[in-house]
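The following paragraphs lead the reader through a protein fold, from a single residue to the packing of its elements. Please keep the sequence and the coordinates at hand while reading.

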Amino acid sequence: MQHNSHNSTIRDRLEDRVVSLLVSIFMILFVIITLYPVLNTLAISFNEGIDAVKGKIYLLPRKFTMKNYKSVLAMQNLMTGAKITVLRTVLGSVSALFVNALLAFIVSRKRFLFRRSLSLFWVITMYVNGGMIPVFLLYRNLKLTGTFWVYIVPGMISAWNMLVIRTFMAGIPPSLEESAQLDGAGYMTIFFRIISPLCKPVYATILLFVAVYHWNSWFDAMLYNRLKTDFTTLQYELMKLLNSVMQQSGSADSARNAASSITPVTIRAATSIVTMLPIICLYPFLQRYFQTGLTIGGVKE
């Protein structure tokens, strides 16, 4: 019996090592598959444009150059667009998170009389849209077009974000709120001091989603502030640069681009890196909040 038990233990350890090895190999392959497009784009962005057209650039540039980034950073309205984009990302993300969290808190309260009706109404707005022209006319009548606030106000309320936060809040034990009410706490105190600290994971997730939306958005700048260079965005300016390079590549200016070693391929890669770099830098600070189970042990039922 002792011999059989010893053999079983050795066999279990061997199986655990095999499983661990297979999982490690899978994770390494997954990381390589995930990182390769980014590293390949980075290599192309540092490569000469004419040489990049030949292809077969993988992880390292074949002919190193900084001309692609110099062309991007030399844009006339780049700094203005960067400032507006950073400002709209910060204000838009914080305001949207606060408004959606407050609405989610209200709708998640069982004592709120219209919580089911309002939830159904917001769900309908996720599938029914007035269309581009009615929305444009609405924003114009509200004096939002041609202003910075057209980036902030319309995006404050999102049915999807609100429902996600509400679902997370519904999983918080009601005993926490009841205990706070027994101590004389009001709803705002409960929201800020009891509920919100426990909602850090979902807050971080929604904040990242909204920040990515604001950072990557360019269509609203073209639609509502096309003639207002003071309110242009970084993505809109990069999009105009990419379009101009692509148009020049098939025109008489293609010879000038060839002389400067700038092509749509390398410009596209450089603009992609400029676009994704801030979000990549932001993600590690929010990633640690992507976890659940913070309320375990908070209340003993």
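**From a buried valine to the helix packing**

Val-210 counts as buried, because its relative accessibility is 8% and the cut-off for burial is under 20%. The model in which this value was computed is a predicted one. Val-210 belongs to helix α10. Once neighbours within four places in sequence are set aside, the residues in contact with Val-210 are Gly-92, Ser-93, Ala-96 and Asn-161. Between Val-210 and Ser-158 the C-alpha to C-alpha distance is 9.7 Å, although 52 residues separate the two in sequence.

The setting of this residue is a protein with 14 helices and 0 strands. Of its 301 residues, 33% are buried. Among contacts with a separation of 6 or more, 71% join residues 24 or more positions apart. The accessible surface amounts to about 19000 Å², and carbon and sulfur atoms account for 66% of that area.

A second buried position lies outside the helices. Phe-148 is situated in the loop between α6 (132–141) and α7. The relative accessible area of Phe-148 is 9%, so this residue is buried. Beyond residues up to four places away in sequence, Phe-148 touches Ile-84, Leu-87, Arg-88, Leu-91 and Phe-231. The C-alpha atoms of Phe-148 and Asp-230 are 8.9 Å apart, while these positions lie 82 residues apart along the chain.

The description now turns to the nonpolar interior. In soluble globular proteins, nonpolar side chains tend to be buried together. Here the largest nonpolar core comprises 24 residues, and those with the most contacts inside it are Met-162, Ile-165, Met-169, Ile-195, Cys-199 and Tyr-203. At least two residues of this core come from each of α4 (78–108), α7, α9 (187–198) and α10 (200–216). Helix α4 gives the most, with 7 residues. Ile-195 is in contact with Phe-105, Met-169, Ile-172 and Ile-190, leaving aside its neighbours within four places in sequence. Apart from this largest core lies another, of 15 residues, which includes Met-75, Leu-241, Ile-262 and Ile-273.

Two helix pairs complete the picture. Two packed helices are described by the angle between their axes and the distance between the axes. For α9 and α10 the angle is about 75 degrees and the axes are 5 Å apart. These two helices are therefore roughly perpendicular to each other, since angles of 65 to 115 degrees fall in that class. Phe-191, Ser-196, Pro-197 and Leu-198 of α9 make the contact with Lys-200, Pro-201 and Tyr-203 of α10. By class, the residues of this contact are 5 nonpolar, 1 polar and 1 charged.

Helix α5 (residues 115–125) and helix α7 (residues 159–170) form the other pair, packing at an angle of about 140 degrees with their axes 9 Å apart. That angle makes α5 oblique to α7, because only angles over 145 degrees count as roughly antiparallel. On the α5 side the contact involves Ser-119, Trp-122, Val-123 and Thr-125, and on the α7 side Ala-159, Met-162, Leu-163 and Arg-166. These residues divide into 5 nonpolar, 2 polar and 1 charged. Met-162 thus takes part in the contact of α7 with α5 and is also one of the residues with the most contacts inside the largest nonpolar core.

Terms used. Residues are numbered from 1 along each chain as its sequence is written. This is a predicted model: local features need pLDDT of at least 70, side-chain atom pairs count only at pLDDT 80 or more; totals for chains, interfaces and linings use all residues. Side-chain values use heavy atoms; hydrogens and water are left out. Axes are lines fitted to C-alpha atoms, for helices over the stretch in contact, and angles run from 0 to 180 degrees between N-to-C directions. Helices (H or I, at least four residues) and strands (E, at least two) are DSSP runs, numbered from the N terminus. Angles under 35 degrees count as roughly parallel, over 145 as roughly antiparallel, 65 to 115 as roughly perpendicular and the rest as oblique. Contact means heavy atoms within 4.5 Å. Ala, Val, Leu, Ile, Met, Phe, Trp, Tyr, Cys and Pro count as nonpolar, Asp, Glu, Lys and Arg as charged, and the others, Gly among them, as polar. Buried means under 20% relative accessible area, exposed over 50%, partly exposed in between (1.4 Å probe, protein chains only). Accessible areas come from the Shrake-Rupley method with a 1.4 Å probe; for residues, only the protein chains shown count as cover. A nonpolar core is a set of buried Ala, Val, Leu, Ile, Met, Phe, Trp, Tyr and Cys residues joined through side-chain atoms within 4.5 Å.
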